[in-house]
Every structure is written in C-alpha cells, then in structure tokens.
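Reader: Hi! Could you walk me through how the parts of this protein meet?
Author: Happy to. Let's put it on screen and start from there.

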Amino acid sequence: MLNNKVISIVGAGVTGLSCALKLAGSEITKGYTIRIFENGDKTGGRAHSIKVDDFSIDLGAGRFSPALHPNVSKLVSELAENIEVFPFTKIAHPHPQHTGLKEVLAQLKPKIFNSDNESFFQFLCNYVGSEKSHAIINGLGYDSLFLPQISPKIGYDIIEKHPEIQCFSDNSSYEWFNLVDGFSVLVKSLYERAAVLGVEFYFEHKLVNLQTKSNSTLLEFSGSEQQEIWHNSTYTILALPPTAMSSLNIDFPDSWSDYTYGSIPLFKGFIFFDHPWWQDYNLENKVTIVDNPLRKLYFKSDKYIFFYTDSAYADFWQEETKKSENEYINTVMNLISVALNISIKEIPWPVSHKFKYWPNGVEFALETSPEHPPILSKNNGTIIAASDAYTSHCGWMEGGIIAGKNAAEHLLKKLEKLAVTERDKLISE
Ligand SMILES: Cc1cc2nc3c(=O)[nH]c(=O)nc-3n(C[C@H](O)[C@H](O)[C@H](O)COP(=O)(O)OP(=O)(O)OC[C@H]3O[C@@H](n4cnc5c(N)ncnc54)[C@H](O)[C@@H]3O)c2cc1C
C-alpha cells in the first residue's frame, strides 16, 4: 500500500456519505485515502427505496420539509430531479379526539417546562386524565407517544414535526415533499459524487472490532463469508447509529457521551391493487389515523395504499408477516375495511405488496433535554462518531447530514492544524 494515511468512514448511510463528500471535496485531505466501509451491499442504510412495477416506494425515509430540513432540501435541489408534494398533511375521517385537540395541546405546552422526569403520556394524564390521554395519543397515530422514554418535550417535537399531525400545532402550514424516484436516488447521487472524487467503497465489510495503536486504529471487519479483514486507519469516523456503536468494543456510550440512547421499531406496509378503488371514497392523497393496528393509512394518488406504524404496532406487524402471506394480507384487508367502515367485499384483493420492518428505525437520546455536542470523539479526536441520534434532528436525515458534516469539519480543522505544524517544523529545520 503506497499511501498509508487513511481516513476510514464506517457506514454508508446519509451520514457517512455526507461526511465523505465534504472530506473528499477539500484540498486539506489531499494525500489521504478516503475509504467507506459498509456492512450491506449498497449505500443508503435507512434511506432505502425500491421499485415496484412503475412506482418507487420508500421503505425507509420518505419525506422532508424545507422549513424543518434545510440541509436535506439543499441536497435534494442539487442532486435529485423529480420531487413532488408529500400530500399527507390532510386527515380524512377525523378521529373524534381531533376536535379541539390543537387548542388542548397549545394550552398544555407551556407546562412542559415544569415537568421533570416524566413521560409525555404521564404529563398528559396529569392534566386530562388517563382515559383522555389514551384517546389523544390514539388519535395522534404515533404510538411512541405512549412510551415512558418519550418526554413531554420530545412528545411535542413529534407532533410539531410530523406531516400527518402538524395540523395540531403551529406548524400546520409547513410543506412536505418526497422524491418521485425515492430517497435511494439521493444517496446514489452522493455515492457517485464521492466515487468521482476518489472515495473508495468497500461493501460487505461489517466492522466488529477496533484496536487503537499509537498513531492509528486497526479496524477488524467481518466479510461476506465471515472472513476476518483488517484495515489500518489514521482517522476513523463511525457513521453508525447508537445500536451499532453499542455492539462494538468501544464502551459506547459510557466513555463517549453524557447521554444514553434508545430506539423504536418502525414498520411500513405497501399494498398494490389493479385499480385505485379508494378514489370512489374521495381518499386520494389523504391519510387517515385509525384506532386499529394500521394506525396511519395513506392513499397515494391513484398508485397504492400504505400504512406506517411505530413501537408496539411495528412489532405486531413484524409478527404478522411471519404468518402465511395470505393471513398477513387478510389481516391488512380486514383492518382497512374496519378503518374505512366499508364492507370487505367492497375492496378488491391486492395484486402485490411489500413491507419493511426496522427493529431500530429511530434512534435518540433518552435524556429529557440533551445538549447535543456537535461531535462525539475519542482518542484525541482520531475516532469520531456521527449519527442523526446525536443531534436535535434525531430520527431525520437532516440530523444525519448535519452530523456527517460536523464530523468532517472537525477532522478538516485537525488536519489543517497538523499541516501548519508540520510546515512550521520544516521551515525551522
Ligand atoms: C421507516 C423509516 C422512516 C423514516 N422516515 C424519515 C423521513 O420521512 N424523513 C427523514 O428525514 N428521515 C426519516 N427516517 C430517518 C432516516 O432514515 C435516518 O435519519 C437516516 O437515514 C440516518 O442515516 P445514518 O447514515 O445516520 O444511519 P443509517 O441510514 O442507519 O446508516 C448506517 C449505515 O451503517 C451500516 N452499518 C451498521 N453497522 C455497521 C457495521 N458494524 N459495520 C459497517 N457498516 C455498518 C448500515 O448498514 C447502514 O448502511 C426514517 C427512518 C425509517 C427507518
């Protein structure tokens, strides 16, 4: 190996790719080899779309709002051609709890600052009682709002920053968009740009261990055939979510962060029909929030239907998919008919379907008000961790882009200082 100065980025999701692009685009990294190691066989991680017949569907990240996600917006305008309005800010068949909900939430919001160490659900219970709190969260469609680790502040954040339920907050006018060809297009463009700039990609390389040495880190990977592969790295950026960090021998998060981290599972199910029967019910481009395991049911133009669940109902659907395909589809169809209050006989049988379960779909700090340092690092800044989970945009690509850029900027500053010191040394000799 001719060049022994190596920057290794582990993880080729939007965080790792944003980081690589920033590093590779800088003069300061001239003389360094930049490598990305990825466990899977492609880039993107949780930004993952697939094509079904003529449609692209997002099994992972699926929408962004320019008001909330300026970095995503910028990237999209630079790299993606086709965007369209993500129309699901209009609720069809409003839930009985939706009446007056915006006002109730607005009245309670100032009180979150007095609520130490209690969950959003407990916070609601204090003011409106347990029965109504259950009903409110059922009506909001995001079951993570029931969880003990979701603080009132995070609870309000969820309501204000999700298109389906932003109408119950002051953010009701925010616009949302998605990519017609899916978010994989965006990560693919990042990948191609990075490759053109000379970044080397190593797929099917799962990082399993790190050994720190005086001037470098030895990275141990497991390859596609479980073989051990070793790479020496001068600087290492772990663009991995906290769950992946915790499986390494690096004492994460204890010796990295003042915070602890948790995750929530997510599940998306897509159903395709031979004709858009929901148009007869005026449901095109609407979302309905239901009191059954489908929770949020979306009618995507004349194309398809999908449902999206989190927490306990994500696990529920994961179990359902382990049954026969027929049983799974039967359950979905029955629940759609209940949700819309129409006979199952009125709904045609689907022609195909796709689903994806994400055991750690969203990762986030468990503490009530984490301060989110710009980067987490060890070993005198030679090993850096970056993830949306360490930012105030946890659960969003925006956080990943910010984290990736922060990690790159931190390293670039370090390399610049080093270059100045070396130059001064040469001059003095
Ligand atoms: C169902 C779902 C819906 C979402 N909806 C939205 C949305 O609408 N809008 C939005 O902005 N965000 C959304 N998100 C969140 C968004 O997808 C993430 O914030 C973002 O993709 C995180 O990027 P990342 O690079 O930090 O992590 P990841 O995308 O998780 O990438 C990490 C990469 O590291 C790899 N890896 C893991 N362990 C190892 C290892 N040991 N060795 C090597 N490689 C490893 C993984 O294979 C993966 O490719 C959604 C997520 C999910 C799951």
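Reader: What area is buried between domain 2 and domain 3?
Author: About 1400 Å², and carbon and sulfur atoms give 58% of that. Keep in mind that this is a predicted model.

Reader: Which three residues supply the most of the area that domain 2 buries against domain 3?
Author: Those are Trp 176, Ile 289 and Arg 295, which together supply 35% of domain 2's share.

Reader: Cool. Where do domain 2 and domain 3 sit in the chain, then?
Author: Domain 3 covers 96–168. Domain 2 comes in pieces: 49–68, 81–88, 176–183 and 262–364. There is also a domain 1, made of 6–47, 184–260 and 371–428.

Reader: And how many residues does the contact between domain 2 and domain 3 take from each?
Author: It takes 17 from domain 2 and 18 from domain 3. The C-alpha centres of these two domains are 24 Å apart.

Reader: New topic: how many salt bridges cross that interface?
Author: The rule finds two between domain 2 and domain 3.

Reader: What does Arg 63 form a salt bridge with?
Author: Its partner is Glu 164, and their closest N and O atoms are 3.2 Å apart. Counting polar contacts, domain 2 and domain 3 share 11 residue pairs.

Reader: Which strands help build domain 2's side?
Author: β13 (287–289), β14 (296–300) and β15 (304–310) each supply at least two residues of the side that touches domain 3.

Reader: And what classes of residue does that side of domain 2 have?
Author: The side touching domain 3 has 11 nonpolar, five charged and one polar.

Technical notes: Residues numbered from 1 in each chain as written. Predicted model: local features only at pLDDT ≥ 70, side-chain atom pairs only at ≥ 80, totals over all residues. Heavy atoms only, no water. Domains from an automatic or database assignment. Contact = heavy atoms within 4.5 Å. Buried area = accessible area lost by both parts, 1.4 Å probe. Salt bridge = Lys/Arg side-chain N within 4 Å of Asp/Glu carboxyl O. Polar contact = N/O pair within 3.5 Å; in protein donor to acceptor, adjacent residues only side chain to side chain. Helix = DSSP H or I, 4+ residues; strand = E, 2+ residues; numbered from the N terminus. Nonpolar A, V, L, I, M, F, W, Y, C, P; charged D, E, K, R; others polar.
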